[in-house]
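Q: I would like to learn how to read helix packing and enclosed space in a model. Could you take me through both topics?

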Amino acid sequence: MKEDKSPKDINDKITKEPNAENPYKLLDLKLTKTGKWAAGVPAVISAFSDLIEEKTLVRGTKALFKMNQKGGFDCPSCAWPDPDDERSPLGEYCENGVKALAEEATTKKITADFFKQNSVYDLAQLDDYQIGKMGRLTEPMYLPKNGMHYEPISWDNAFTKIAEHLNALESPDEAAFYTSGRTSNETSFLYQLFAKEFGTNNMPDCSNMCHETSGSALRTTIGIGKGTVTLDDFYDTDVIVIIGQNPGTNAPRMLTALAKGKKNGAKIIAVNPLPEAGLMGFHNPQEINGIIGNGVKLADLFLPVKINGDMALLKALEIILLELENKNPGKVFDYDFIKEKTTGYEAFLKQFDHYNLDELVQLSGVSKEALYEAAEIIAFKKRIIVCWGMGLTQQPNGVEMIREILNILLLKGSIGKPGAGVCPVRGHSNVQGNRTMMIDEKPTNEQLDRLQAYFGFNPPRKHGYDVVRAIKAMKEEKVKLLFCMGGNFLSATPDTTYTASALRKLNLTVNVSTKLNRSHLIHGQEAIILPTLSRSDIDVVNGEAQFITTENSMGVVQSSKGMLKPVSDNLINETQIVCKLAMATLGNKSVVDWKRYHDSYDDVRDAIEKCIPGFENYNEKVRQKGGFHLPNAARDGKFITKDFGERAPFTLTEIPRNELAPDEYMMASTRTHDQFNTTIYGLDDRYRGVKNERRVIFMNEKDIAQAGFKAGDKVDLFNYDDDIERIAPLFVIVSYQIPEKNTVTYFPETNVLVSVNNVVKDSNMPASKYVKIKVRKHDPKIYERINRL
């Protein structure tokens, strides 16, 4: 490790793009064959090697038999639902789930002595992979102003210090309370309750960066910001369309549902710029065919759409469906459904007088023949499910594209009936539950009225900051304290240099965490780390092991009960952290009985039952095996919208014009198969054939040649949005099957290129799948330019 630097030097360096002081060092990149299918024996080997690496093979393997099982604990990674019927005794988990558990169950620990030996400056020079492999946090830590090392602090003193900062603010709106998707329903409810009683709706959360777009599109059209299908619908449907989502990496357990639907006769259409292994085939390691056989071929048709060519593709499909309907009157469109359940049909049809199919085909990047084949698959079927992920939600017109998907389903009458509907595939394990629990910077008056009636205080009505607005408010010093309930704020957010600078302006940053991450190292003038229990840890309150609850991506609320002995006796659960924070901050001014909720999850659930519709008899129903489904009117064919009564509107949308300069490319960031969100498990991307490196840029071979490069060349990446130069240095070109003028990189390495102003219309999410970049030969002096930014 280097010598400690002066506080001034530390601040100067760490506010830059992480590691900007020194040249990035590329590892020994190796390219292998790209995957033709997902899962199988390689996934098992990769998963269990992580348990070995974390020195938790026996402890972790024991826990796996309880993960996603009835009476066990919910997987801490994705939100894909568990089967309602009997679950596999071999395990209801995937490769990523094992890796997530390995990081929780690790026996490696970070103690106060670790921070004494390693300064914040030194730790900040490590990459996110190295930081994440340090182990579990074991005690509260405090970084004083101008300090170079975190120091141990007692729980009571930590809460006293946070309370002093909060109560010294000129306005409650000078604080922001961020939430990660792994937070339980109980914690989320109390967290938003505290923020509101404190006096602010500044509640940015991870939904603001992944599926805010879905909610914005769905609420105004079908009346609910969630999906409308259940897991059983996948087993008994005719067509499954997967657009802008890669299940093999992002939700591997989804592959089992797709395989079962395929076995029962469903056709699968995959729409994505990259031919992802998880869209092509599946080898189920729990079946003989998945081990020694050929597995299951998933996609019947792959449509290699250009980045942001999805809208053109959807409108082209609608034109072809209209053509088929004219040839087969009443056989393609569901006129009874259109008449009884929708509005705006005539205006919707009239728009096609102004569209040209050939032009739409060219804009989409998909051949006319393939589009006709897709339309033929859809045309004469009614049971259609459309799934999507951040490939749609993180584009500037993502809200409109989801509404265009709904237009197709409304034409077909393919929503609100068995085997048909929409399925936004959520990322983190309780991100949907957070929003149900009112983690929302824009709460409705109805929600606030219920809180006021039950608790007796008047919650603030003014909307607060989402993630992007919170970053800008920090930069402008309108927000002076950021409290993060989980997550890795800096690595998850856009415009890394800008965001790091904003964080450094804060008086205090607080992170509730299980492991060390970059957000502990890019901090305010003071910083506190509050270590907490993980999802798999035994949670004992008043001498009795407890359970928490979560909501999966299909609206099922279930219990989760940890079974591993915590790595430290100095950890407390997130619910108790919120209650202690509230008691220290609000004191006698509070009208909420925080001590009661501190001591009883059941009492928290009783309060939720009184304040949130759908949770009647919460404590009783959640103790049932498999939990319970929340009400979903759209699933039942009732579209209760604010502006259209009980009718779903057809939406008129526009085709974007994506113009690039001759030396520009469109970039979408994605994650590797060896990471989940900002947590990096390893340095390989097995399905895309990349081994031992993350700083790569996937490019079309024609683009590589035309630019005078060759595969393997080292390059620097630039973005010039807002007339600001943003630089991501030292990437390696990898030739890949991708549309021309399109590129793909990994995040968080290229978050620095995503302008804080490059956002999705209506949802204000970062548009990380739509970034204009320039690619230039690597300049060893580039780091001097970065340090001048």
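A: The turns below take up one helix pair and then the cavities. This is a predicted model, in which local features need pLDDT of at least 70 and side-chain atom pairs count only at pLDDT 80 or more, while totals for chains, interfaces and linings use all residues. Residues are numbered from 1 along each chain as its sequence is written, and side-chain values use heavy atoms, with hydrogens and water left out.

Q: How is the packing of two helices described, and at what angle do α16 and α20 cross?

A: Two packed helices are described by the angle between their axes and the distance between the axes. Axes are lines fitted to C-alpha atoms, for helices over the stretch in contact, with angles from 0 to 180 degrees between N-to-C directions; helices are DSSP runs (H or I, at least four residues), numbered from the N terminus. Here the axes of α16 (residues 310–327) and α20 (residues 368–379) cross at roughly 60° and come within 9 Å. The two helices are therefore oblique to each other, a term for angles outside the classes roughly parallel (under 35 degrees), roughly antiparallel (over 145) and roughly perpendicular (65 to 115).

Q: Which residues make the contact between α16 and α20?

A: Contact means heavy atoms within 4.5 Å. Among the residues that make it are L313, L317 and L324 of α16 and L371, Y372 and I378 of α20.

Q: What counts as a cavity, and how many are there of 30 Å³ or more?

A: On a 1 Å grid over the protein atoms alone, a cavity is a set of points where a 1.4 Å probe fits but cannot get out, and lining residues have an atom within 4 Å of a point. Grid points are joined across faces, edges and corners, and a volume is the space filled by probe spheres set on the points. The count comes to eight cavities of 30 Å³ or more, and the largest holds about 910 Å³. Its lining has 46 residues, of which H428, F676, N677, T678 and T679 are the closest to its centre.

Definitions and conventions. 1 Å grid on protein atoms, 1.4 Å probe; cavity = no way out; pocket = protein on both sides within 12 Å on 5 of 7 lines; lining within 4 Å.
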